[in-house]
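I opened this model to look up one loop residue first, then the ligand surroundings, and then the fold and its core. My entries follow in that order.

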Amino acid sequence: MEVIRVLLVAVHLLLAGIWFAQIIADWGFSRARQGAEGKAVELPLMMAQVKVLILMGQVGGIGVLLTGFGLLWVNGYGLFNVGGLTPTWLLIKQVGMVIALALVFGLIAPAQRKLAPAFIAAAKGTPRVTPEITQLMTQLVGVTRLVNLIVLLAVLLGVWKPAV
Ligand code: HEM
């Protein structure tokens, strides 16, 4: 059981790292887009930025959630005190995860759904970033940063495990 726990914690950490590294990926794309404003290359860079951020969020988010469930099972903890006791640090992490999922499904996914056709329309002829794309990108990147803050808090709580 201890081997399974160690493996699950290791994978949980790696996936949390992938999720949090959205910040670095986003930073890289912002730098790549510097000087590309108004040029034809700006749109493909934005399209790649969305693809990479969404992929990292999906792999990291779903992975952290699944390994989190596995860790509940090996440690005998509960989910919101159901099926076992949930220490406060873990309860806060679970609430954080629910908020993160609400942000992803409530704000990030709709922005991504609207961006797909807007990208296709903007790519016709001379690629041009429209005000709608700029607004949706601001929403997507801004909310992603908020989710990354929750991930950071969850990392701190998970490592610290304060006994309150
Ligand atoms: C919100 C994103 C999350 C992040 C970034 C995260 C990150 C972490 C980190 C860094 C640890 C510390 C590992 C260690 O040093 O021992 C940890 C432990 C743990 N996490 Fe998460 N976690 C998240 C969400 C969850 C969720 C949703 C659950 C449960 C459904 C969960 C269950 C656990 C458990 C049970 C441990 C203790 C593992 C042990 O010590 O055996 N985590 N998590």
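**Entry 1, the loop residue.** I began with L79 and found its place in the loop between helix 3 (42–75) and helix 4 (88–123). I kept in mind throughout that I was reading a predicted model.

Is L79 buried, exposed or partly exposed? I counted 15 other C-beta atoms within 10 Å of L79, and this residue is partly exposed because a buried one would need 20 or more and an exposed one would have 12 or fewer.

Setting aside residues up to four places away in sequence, I noted that L79 touches L72 and Q94. I also looked up the separation between L79 and V155, which are 76 residues apart along the chain, and their C-alpha atoms are separated by 18 Å.

**Entry 2, around the ligand.** Which residues come nearest to the ligand? There are 25 residues around the ligand, and of these A16, G68, L71, A154 and G158 come nearest. The elements that give two or more residues to this shell are helix 1 (2–20), helix 3, helix 4 and helix 5 (131–160), and I noted that helix 3 gives the most, with seven residues.

I then sorted the shell by residue type, and the residues around the ligand divide into 17 nonpolar, six polar and two charged.

**Entry 3, the fold as a whole.** I read the secondary structure as five helices and zero strands, which along the sequence follows the pattern α-α-α-α-α. For the dimensions, I noted that the C-alpha trace spans about 60 × 25 × 25 Å along its principal axes.

Of the 164 residues of the protein, 19% count as buried. When I turned to contacts between residues at least 6 apart in sequence, I found that 75% of them join residues at least 24 apart.

**Entry 4, the core.** How many residues does the largest nonpolar core have? This core has 19 residues, and I listed A16, W19, V50, I133 and V151 as those with the most contacts inside it. The elements that give two or more residues to this core are helix 1, helix 3, helix 4 and helix 5, and its largest share, six residues, comes from helix 5.

A16 therefore appears twice in my notes, since it is listed among the residues that come nearest to the ligand and among those with the most contacts inside the core.

I finished with V50, which, leaving aside its neighbours within four places in sequence, is in contact with Q112, L115 and L140.

Technical notes
Residues are numbered from 1 along each chain as its sequence is written. This is a predicted model: local features need pLDDT of at least 70, side-chain atom pairs count only at pLDDT 80 or more; totals for chains, interfaces and linings use all residues. Helices (H or I, at least four residues) and strands (E, at least two) are DSSP runs, numbered from the N terminus. Two residues are in contact if their C-beta atoms, placed from the backbone, lie within 7 Å. A residue is near a molecule or strand if its C-beta atom, placed from the backbone, lies within 6 Å of it. Ala, Val, Leu, Ile, Met, Phe, Trp, Tyr, Cys and Pro count as nonpolar, Asp, Glu, Lys and Arg as charged, and the others, Gly among them, as polar. A nonpolar core is a set of buried Ala, Val, Leu, Ile, Met, Phe, Trp, Tyr and Cys residues joined through C-beta atoms within 7 Å.
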